[in-house]
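Q: I'm new to this one and would like to learn how to read it feature by feature. Could you walk me through it?

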Amino acid sequence: MPLPPDLDGRTRVNVESTMHEQVPTPTSLGIDEGVSGAASTESNVTEVMETAGRFRVYLGAAPGVGKTFAMLSEGHRRLEDGIDVVVGYAECHGRPPTEALLDGLEVVPYREVVYRGTRIQEMNLDAVLLRKPGLALVDELAHTIVPGTGKYKKRWQEVVELLEAGINVLTTVNIQHLASIADAVEQLTGAPVHERVPDSVVRRADQIELVDSSPEQLRRRLLDGKIYSPQMVPQALNHFFRSDNLIALRELAFRFLADEPEDELLEFLSRQQSGVAWEPTERIMVAVTGAPGTEAVLRRAARIAARLQGELHVVHVVIGDDATRSDNDSLDDLRLVATEVGARWVELRGDDIAQMIIQFARDTRITQVVLGSRQHSRWWKMLRGGSIAQRVQRMAIAAGIDVHIIVRHEVPLEVSEIATGSDGVRSRVSKG
């Protein structure tokens, strides 16, 4: 049976779906799978899949994004195109909209096995091989097969055999199940990741399609009982399905699709675990006053932003009720420069300058803060001994924000050095 054209080539498509699914049930029964033989056979995966049937993976950032719904929907489309389609295995989790998609599709009868007194359905690999369809829909790539009941320990191994037999496969998996990052995801979310699949299996797919859903939508569906049973919802909301976790997992899925290597994915997770925010776009903020030489600092910040292709925000803090400071000629000139360089001018009011600067940086997701000072000015002394600049520096570091101290001189210099505050905290200092 010929392969549909859009399964050829390594294309990646972003899909927004409103249908969702949940994790496999054998894990809840206590099946201890580890990597289950993945290490012993992973080296053969690449060689096998180079000559195998076509392989398409529906990737999700978390349970409930709608991978099974997307897979079955695609199965209907393939069937309408004249492809010989069968369902090797689909986990519908009792959801009527997903179960309705099984109507009209041929389902190869599952194997029924008993594990600890509970009947569990597994894919009948031999029956699917004997049927030899043009396309098999096989849900939950990382699923652990009930011990001692099948030829393999993991479903991904069954999928590899189907591909080796020349059968095209559509399958599903969540980003946290990739073996290389599962442990790091556990640390990030505080939830165990029992099901794992070798990265090489997923990366060898001819097509990876992201089934996407916003964190807010996932949490709403969780509250509505559309992902887990009601008794599981409170724990899920406070652990795996926290908004910050879902945002990080979603970003991780995007980065995986961008073909980032394993070490970069792990570095991203490490930053998330340490509470340091990651931003796809640099956002630069320069704090300005009416002091002489500030225009040069602003233009330096503009060059930094241009080099990084980032946004630039120019922030001036008005202390207390002193509104005249924002009306003097120097600040008018700075506003004009800000306009010229395409920056956003922001005026803040408050008595705590450092707190206002950092609060704005947090609210705006600033990634780099630029401050200006003369080497022998009161600001420079405050940098070394504490006060405003030192407090900005400390709070920025705690928030994962870089700080640049631009030193103003009568004669521009070409030298750069590292300034160390009284507490040992180091900042990049550029002279010029």
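Q: Which residue follows helix 8, and what is the sign of its phi?
A: This is a predicted model, so keep that in mind throughout. Right after helix 8 comes Gly225, and its phi is positive, near 75°.

Q: Where else is phi positive, in a residue other than glycine?
A: Look at Arg116, with phi near 55°, and at Lys132, with phi near 45°. Arg116 is in the loop between strand 5 (111-115) and strand 6 (118-122). Lys132 belongs to the loop between helix 4 (125-131) and strand 7.

Q: Does Arg116 count as exposed or buried? And what about Lys132?
A: The idea is to compare relative accessibility with a cut-off: exposed means over 50%, and buried means under 20%. Arg116 has 59%, so it counts as exposed. Lys132, at 47%, is therefore put down as partly exposed.

Q: Back to helix 8, then. Which of its residues are buried?
A: In helix 8 (residues 215-223), the buried ones are Pro215, Gln217, Leu218, Arg221 and Leu222. They sit on the same side of helix 8, because they cover an arc of only 160° around the axis.

Q: How many cavities of 30 Å³ or more does a search of the whole structure find?
A: Two. Let's take the second largest cavity, with a volume of about 30 Å³. Its lining is made of Ala61, Ala62, Ser213, Pro215, Leu218, Leu246 and Arg250. Helix 8 and helix 10 (243-257) are the elements that give two or more residues to that lining. You'll recognise Pro215 and Leu218 from the buried residues of helix 8.

Q: What classes of residue make up the lining of the second largest cavity?
A: Sort the lining by class and you get five nonpolar residues, one polar and one charged.

Q: Now the strands. How many residues of strand 8 are buried?
A: With a strand, check burial first, and then see which way each residue points. Strand 8 (residues 168-174) is mostly covered, with seven of its seven residues buried. Asn168, Leu170, Thr172 and Asn174 point one way, while Val169, Thr171 and Val173 point the other way, and all are buried.

Q: Which strands pair with strand 8?
A: Strand 2 (residues 55-60) pairs with strand 8 in the parallel sense, over six bridges. Strand 7 (residues 135-138) also runs parallel to strand 8, and four bridges join them. Leu170 in strand 8 is a handy landmark: it is the bridge partner of Arg56 and also of Leu137. Between strand 7 and strand 8 the chain crosses through helix 5 (residues 155-164), and this β-α-β crossover is right-handed.

Q: Let's try strand 10. Why is strand 10 said to be largely enclosed by the rest of the structure?
A: Because five of the five residues of strand 10 (residues 283-287) are buried. On one side you have Arg283, Met285 and Ala287, and Ile284 and Val286 point the other way.

Q: What joins strand 10 to strand 11, and which helix does the chain cross through between them?
A: Five bridges join strand 10 to strand 11 (residues 311-318), and the two run parallel. One pair to find is Ala287 with its bridge partner Val315 in strand 11. The chain gets from strand 10 to strand 11 through helix 12 (residues 294-308), in a β-α-β crossover that is right-handed.

Methods. Residues are numbered from 1 along each chain as its sequence is written. This is a predicted model: local features need pLDDT of at least 70, side-chain atom pairs count only at pLDDT 80 or more; totals for chains, interfaces and linings use all residues. Side-chain values use heavy atoms; hydrogens and water are left out. Buried means under 20% relative accessible area, exposed over 50%, partly exposed in between (1.4 Å probe, protein chains only). Two strands pair if DSSP finds at least two bridges between them. A crossover is right-handed if, with the strands pointing away from the viewer, the path from the first strand over the helix to the second runs clockwise. The arc is that of the directions from the helix axis to the C-beta atoms. On a 1 Å grid over the protein atoms alone, a cavity is a set of points where a 1.4 Å probe fits but cannot get out, and a pocket is an open set with protein on both sides within 12 Å along at least five of seven lines; lining residues have an atom within 4 Å of a point. Grid points are joined across faces, edges and corners, and a volume is the space filled by probe spheres set on the points. Ala, Val, Leu, Ile, Met, Phe, Trp, Tyr, Cys and Pro count as nonpolar, Asp, Glu, Lys and Arg as charged, and the others, Gly among them, as polar.
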